[in-house]
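Please describe this structure for someone who is seeing it for the first time. A brisk tour of the main features will do.

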Amino acid sequence: MDPLTHLINTLSEQALSLLYIDNPLTINYLTGFLSNPHERVLALLITEQHTALIVPKMEENEAKENKVIDTVLGYKDEESPWEKIQNHLSGLQLNHASIGIESDYLIMDRYNQLKQLFPDATFESITSRIQNLKVTKTEGELEQMREAGRFADIALKVGFNALKTGIAEEEVVALIEYEMKKLGIKEMSFDTMVLFGDHAASPHGTPGKRTLQPNELVLFDLGVVYNGYTSDVSRTVAYGEVSSKIKDLYEVVLQAQKTAQAAVKPEMTTGSIDSIARDIISQAGYGDYFIHRLGHGLGQSVHEYPDIAPGTRLSIKKGMCFSIEPGIYIEGLAGIRIEDCVVVTDSGSEPFTETTKELIVVPVK
Ligand code: MN
């Protein structure tokens with residue numbers, strides 16, 4: 001059953017008369033209509049009988065080609081989308097209705113507009129309902145994610161090849177993204193991260209003017225968006241020879257990553273996957289230096305439900321996709337992270353990226 005039909009079928013269970021959805025990714029997920037409205041309102045209204053899309057006038061014709069949406073209502077910049085919504089729904093008895101909203105996305109200004117339109121209505125979150133639909137990917141979605149992963153592997157290779165003494169982090173970023181653009185990739189999943197040596201000790205550091213010196217590590221974390229679906233991969237490589245201390249740290253992260261990834265199978269809990277990696281790092285004495293969750297879901301967004309984090313108890317199912325990305329970060333020394341994203345299969349998991357995880361040594365140039 002397609003997600004929209006599934007969602008409509010559950011309206012009566014929660015006694016909801018109307019759903020108001022204005023997250024463009026959710027609208028794309030439910031209807032196939034993809035648009036970035038920037039600050040303008042793009043809203044999908046769903047009742048048991050009807051779907052309507054409120055859309056900026058510029059996108060009206062494109063939206064009308066969509067076969068899933070019953071009614072498309074365009075508004076010009078000088079018109080109010082809220083009036084369009086009010087007029088469209090005026091025939092329905094919504095005064096004391098329950099209206100479903102995505103509480104993790106709806107901004108306060110729009111919530112207040114809805115409350116003005118329906119002063120006596122109650123608003124209920126459908127966030128977890130939508131998350132539960134999105135969390136298991138269809139074969140069609142997985143095809144896009146595999147392709148996004150393939151591009152991430154290419155991007156890593158471009159990055160490895162770009163390394164030379166004296167190059168700045170931001171130059172390597174530029175070379176990677178330039179190659180991706182030439183291959184037709186419109187956007188990266190997030191700002192490409194390339195960090196040298198001790199600069200990588202901050203897990204979310206920003207690439208800058210730091211230049212590469214021989215015999216230090218380089219941390220890459222990147223991904224692309226392909227047909228609306230994301231990839232995400234991290235590799236840490238050596239530029240020249242690194243110390244045996246650093247090689248030992250790398251080995252710990254590698255074992256944590258590979259062991260956790262190999263253990264993934266249906267019915268495990270998210271928290272238990274996290275513990276497998278975390279225990280290996282803790283037993284090696286570096287537990288305090290693994291300062292983030294093991295992973296996160298991904299799909300249309302590069303960070304989405306579920307979290308693979310300590311204490312989480314979601315039972316994983318076939319078709320769920322998430323990252324496995326342990327790391328060790330030691331101030332002043334190094335940051336090491338190794339990440340693959342996987343899809344859960346009948347008996348295990350399959351990664352979206354294939355770049356080797358054994359320590360790559362890039363010769364000094
Ligand atoms: Mn990630």
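## A first look

At 41% relative accessibility, D279 counts as partly exposed; buried means under 20% relative accessible area, exposed over 50%, and partly exposed in between, with a 1.4 Å probe and protein chains only. D279 lies in helix α10. Helices (H or I, at least four residues) and strands (E, at least two) are DSSP runs, numbered from the N terminus. The C-alpha atoms of D279 and K134 are 30 Å apart, with their positions 145 residues apart along the chain.

This is a predicted model, in which local features need pLDDT of at least 70, side-chain atom pairs count only at pLDDT 80 or more, and totals for chains, interfaces and linings use all residues. Residues are numbered from 1 along each chain as its sequence is written, and side-chain values use heavy atoms, with hydrogens and water left out.

## The whole chain

The protein chain has ten helices and 20 strands. Its C-alpha trace spans about 75 × 40 × 35 Å along the principal axes. Of the 365 residues, 54% are buried. Contact means heavy atoms within 4.5 Å. Among contacts between residues at least 6 apart in sequence, 67% join residues at least 24 apart.

One pair shows this kind of separation in sequence. Y239 belongs to strand β12. Y239 is buried, with a relative accessible area of 0%. Its C-alpha atom is 8.3 Å from that of K164, a residue 75 places away along the chain.

## Helix α10

Helix α10 covers residues 270-283, 14 residues in total. From first C-alpha to last it reaches 20 Å, close to the 20 Å expected at 1.5 Å a residue. That expected span is 1.5 Å times one less than the number of residues.

The buried residues of α10 are T270, G271, I273, D274, A277, R278 and I281. An α-helix has 3.6 residues a turn, so residues three or four places apart point the same way. The buried residues of α10 pack against α9 (244-263), β14 (304-308), β15 (321-324) and β16 (327-330). Just after the helix, G285 takes a positive phi of about 95 degrees.

## The manganese site

Which residues coordinate the manganese ion? They are D232 (OD), H296 (NE2), E325 (OE) and E339 (OE), at 2.1 to 2.3 Å. Donors are N, O and S atoms within 2.8 Å of the metal (3.2 Å for Na, K and Ca); water is not among the atoms, so sites may look incomplete. In sequence the donor residues are spaced D-x63-H-x28-E-x13-E. D232 lies in the loop between β11 (229-230) and β12 (233-239), and H296 in strand β13 (residues 295-297), so the pair ties together parts that are 64 residues apart in sequence. D232 is buried, at 4% relative accessibility. H296 is buried as well, at 2%.

## Empty space

Rolling a probe the size of a water molecule over the atoms shows where empty space is left. The search uses a 1 Å grid over the protein atoms alone: a cavity is a set of points where a 1.4 Å probe fits but cannot get out, a pocket is an open set with protein on both sides within 12 Å along at least five of seven lines, and lining residues have an atom within 4 Å of a point. Grid points are joined across faces, edges and corners, and a volume is the space filled by probe spheres set on the points.

There is one cavity of 30 Å³ or more. The residues lining the largest cavity include the metal donor D232, along with M145, C341 and F352.

The largest pocket has 21 lining residues, of which L25, L34, E187, V225 and G228 lie nearest its centre. Elements giving two or more residues to this lining are α2 (24-31), β7 (187-188) and β10 (224-226).

| Space | Volume | Nonpolar lining residues | Polar | Charged |
|---|---|---|---|---|
| Largest cavity | about 40 Å³ | four | four | one |
| Largest pocket | about 520 Å³ | nine | ten | two |

In these classes, Ala, Val, Leu, Ile, Met, Phe, Trp, Tyr, Cys and Pro count as nonpolar, Asp, Glu, Lys and Arg as charged, and the others, Gly among them, as polar.

## Backbone details

The peptide bond from Y305 to P306 is cis, with omega near 5 degrees. P306 lies in strand β14.

N215 is not a glycine, yet has a positive phi of about 65 degrees. N215 sits in the loop between β8 (193-196) and β9 (216-222) and is partly exposed at 45% relative accessibility. N227 has a positive phi too, near 45 degrees. N227 lies in the loop between β10 and β11 and is exposed, with a relative accessible area of 56%.
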